[in-house]
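This report introduces a structure to a reader who has not met it before. It deals in turn with strands, helices and the contact between chains.

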Amino acid sequence: MARVLVGVKRVIDYAVKVRVKPDKTGVVTEGVKHSMNPFDEIAVEEAIKLKEKKIAAEVIAVSVGPTQSQEVIRTALAMGADRGVHVEVSGKEYDLLQPIHVSKILAKLALDEKADLVILGKQAIDDDSNQTAQMTAAVLDWPQGTFCNKVEKTDAGLTITREIDGGLETIKTKIPAVLSADLRLNTPRYATLPNIMKSKKKPLKKITPKDLGVDTTPRIEIVSVEEPPVRQSGALVPDVDALVAKLKEGGHI
Amino acid sequence: MLSSNTRNLIRSGLLHRCKSTLVVAEHNNEALNPITLNTISAAKKIGGDVTVLVAGTKCGPASEAVSKVEGVAKVLVAENAAFKGFMPESITPLVLAAQSQFKFTHILAGATAFGKNVLPRVASKLDVSPISEIIDIKSDDTFVRTIYAGNAILTLRSKDPVKVITVRGTNFAPAAATGGSGTVEQAPAGEYASQLSEFVSHELTKSDRPELTSAKVIVSGGRGLKSGDNFKLLYDLADKFGAAVGASRAAVDAGYVPNDLQIGQTGKIVAPELYIAVGISGAIQHLAGMKDSKTIVAINKDPEAPIFQVADIGLVADLFKAVPELTEKL
């Protein structure tokens, strides 16, 4: 029976149109709806499914971030994770925190908690890095199964179907391994009210990167965060003939 | 005392002399993936020597193609059964061996499923913070990339000694495929076979159409198509343009088309000359993948659809009437 560590990140809700701060230092996060990174919901769902199939014995949800990150840990607990670990990083230190730091934290926790699998989302929809799972696998020297579309436990390890550019690919990995969830891995469940109530009683440990011996010295400097160029709004055409005429005008036909 | 200007000049001059970039080529043992050419352009923009690493079970075609690319100084070839399936567990130690021999200042690959899978693993082993999917290069340590699904543009300065970067192909013109004369050498030898993972098989979507990320014209369908069969309307229209066909997440999730056709934040990023969005509302997630297209055409029956806010030409109409009519009139 395996132990699964699942990483969850609190991000601005996917449906929110973000606004860049006038001083170009970042985007406005105060007073903006946040929720669990959508790919992480899929990662949590997969971990819970493994538990339901009696492949996993325990699911530990981890989030690295400010105090509010505990909300997404509670969400994971309400979905079915057994306990949570909050690694507190806030303020300027969090603004400059990169996947390299998070991967070192997750790798250390994976070893401390004797995890056999680490499941993460393939990317966070705020920084769009798509790095943490690969880097966690590298720190641990474990195999990586990224962009997972399907994961099956076999006697020897895992058989993973991955989403790649030309279609799908199947690989086999040994366990322990690090996985990253793509959108089509599963459909995450909603937490029911009784489960939300129960989740409040589940254990949530709070630690810092320092407790884990992880150095969070910034690796980058933010030069600026700016609005993307705005497209000139175009014109509506009344019918297909007018559309064809416009395409001709533009030299497309 | 040197003025700070002079010091900067000396510093940048020294850096210029010392810069050298490794581009990890992407290929399928038969042909070079065109994004490698865009990545070589990015490498040239950084300055310094450009070396390209070709690893695989059969490297002849790709290494030959790469050696002729303008601006490539050297091609490192690693042909070995260990690289079957281009698994990151075996490619990573090879890149590290090349790095330890040649001390590159920059390591680049295209931001494809391959590049995104391998480069962060390499960066971690070098203890540096990788930089994903850059869209521009300001200097040898300052790069531009998008965050929040393309809704903000981040310019960052990397403090790491080695810059490990994936490159968004659509933002860099491809390097000329001829005119170069790179020397071909063997990559550092080593035991690269990994016991950790193993490639089994792949199931590739077969298509005679151009590849999505490099197509000049893309016809893309969304939930409005209502079924996979109805995508035939788009294939017929695409045939008139010699276009590739793409899809929104809604169309993929509904099973109308395979996932590798998905355009958006979590699918492919495209920037064709002409993008025709049919029955696509234009969610933030989708716009992230196509809003750099030169001309955007939207056909949608909902005049309030957000896609019309980015479309150059919009037609409010029932796609089941408008698309066949358009196909016929072209």
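Two strands are said to pair if DSSP finds at least two bridges between them. In this predicted model, strand 13 (residues 274-278) of chain B and strand 14 (residues 295-300) of chain B run parallel and are joined by 5 bridges. Within this pairing, Tyr275(B) stands opposite Ile296(B) of strand 14 of chain B.

**Sheets**

Strands of a sheet pair through backbone hydrogen bonds, in either a parallel or an antiparallel manner. Strands 13 and 14 of chain B belong to an open sheet of 6 strands with parallel pairing, in the order 13(A)-15(B)-14(B)-13(B)-11(B)-12(B). Its edges are strand 13 (235-237) of chain A and strand 12 (244-247) of chain B, each of which pairs on one side only. From one strand to the next, the twist averages 20°.

A further open sheet has 10 strands, ordered 11(A)-5(A)-4(A)-1(A)-6(A)-10(A)-7(A)-8(A)-9(A)-10(B), and its pairing is mixed. Here the edge strands are strand 11 (204-207) of chain A and strand 10 (197-204) of chain B. Neighbouring strands of this sheet are turned by 30° against each other on average, direction ignored. In chain A, strand 6 (residues 117-121) and strand 10 (residues 177-181) pair in the parallel sense, and Val118(A) has Val178(A) as its bridge partner.

The two parallel strand pairs described above are set out below.

| Strand | Partner strand | Bridges |
|---|---|---|
| Strand 13 of chain B (residues 274-278) | Strand 14 of chain B (residues 295-300) | 5 bridges |
| Strand 6 of chain A (residues 117-121) | Strand 10 of chain A (residues 177-181) | 5 bridges |

**Helices**

Helix 7 (residues 240-249) of chain A lies across strand 13 of chain A and strands 13, 14 and 15 of chain B, running at about 170° to strand 15 of chain B. Helix 6 of chain B lies across strands 11, 12 and 13 of chain B, at about 170° to strand 11 of chain B.

Helix 6 (residues 231-241) of chain B also packs with helix 9 (residues 319-329) of chain B, at an angle of about 25° and with the axes 9 Å apart. Angles under 35 degrees count as roughly parallel, and these two helices are therefore roughly parallel to each other. Their crossing is left-handed. The residues of this contact comprise 8 nonpolar, 1 polar and 2 charged.

**Contact between the chains**

In all, 76 residues of chain A are in contact with 83 residues of chain B. The two chains bury about 6500 Å² between them, 54% of it on carbon and sulfur atoms. On the side of chain A, Asp165(A), Arg219(A) and Arg231(A) lose the most area to chain B, together 11% of what that side buries.

Methods:
Residues numbered from 1 in each chain as written. Chains lettered and ligands numbered in written order. Predicted model: local features only at pLDDT ≥ 70, side-chain atom pairs only at ≥ 80, totals over all residues. Heavy atoms only, no water. Axes fitted to C-alpha atoms, helices over the stretch in contact; angles between N-to-C directions. Helix = DSSP H or I, 4+ residues; strand = E, 2+ residues; numbered from the N terminus. Parallel < 35°, antiparallel > 145°, perpendicular 65-115°, else oblique. Left-handed = near helix turned anticlockwise from the far one by under 90°. Nonpolar A, V, L, I, M, F, W, Y, C, P; charged D, E, K, R; others polar. Contact = heavy atoms within 4.5 Å. Buried area = accessible area lost by both parts, 1.4 Å probe.
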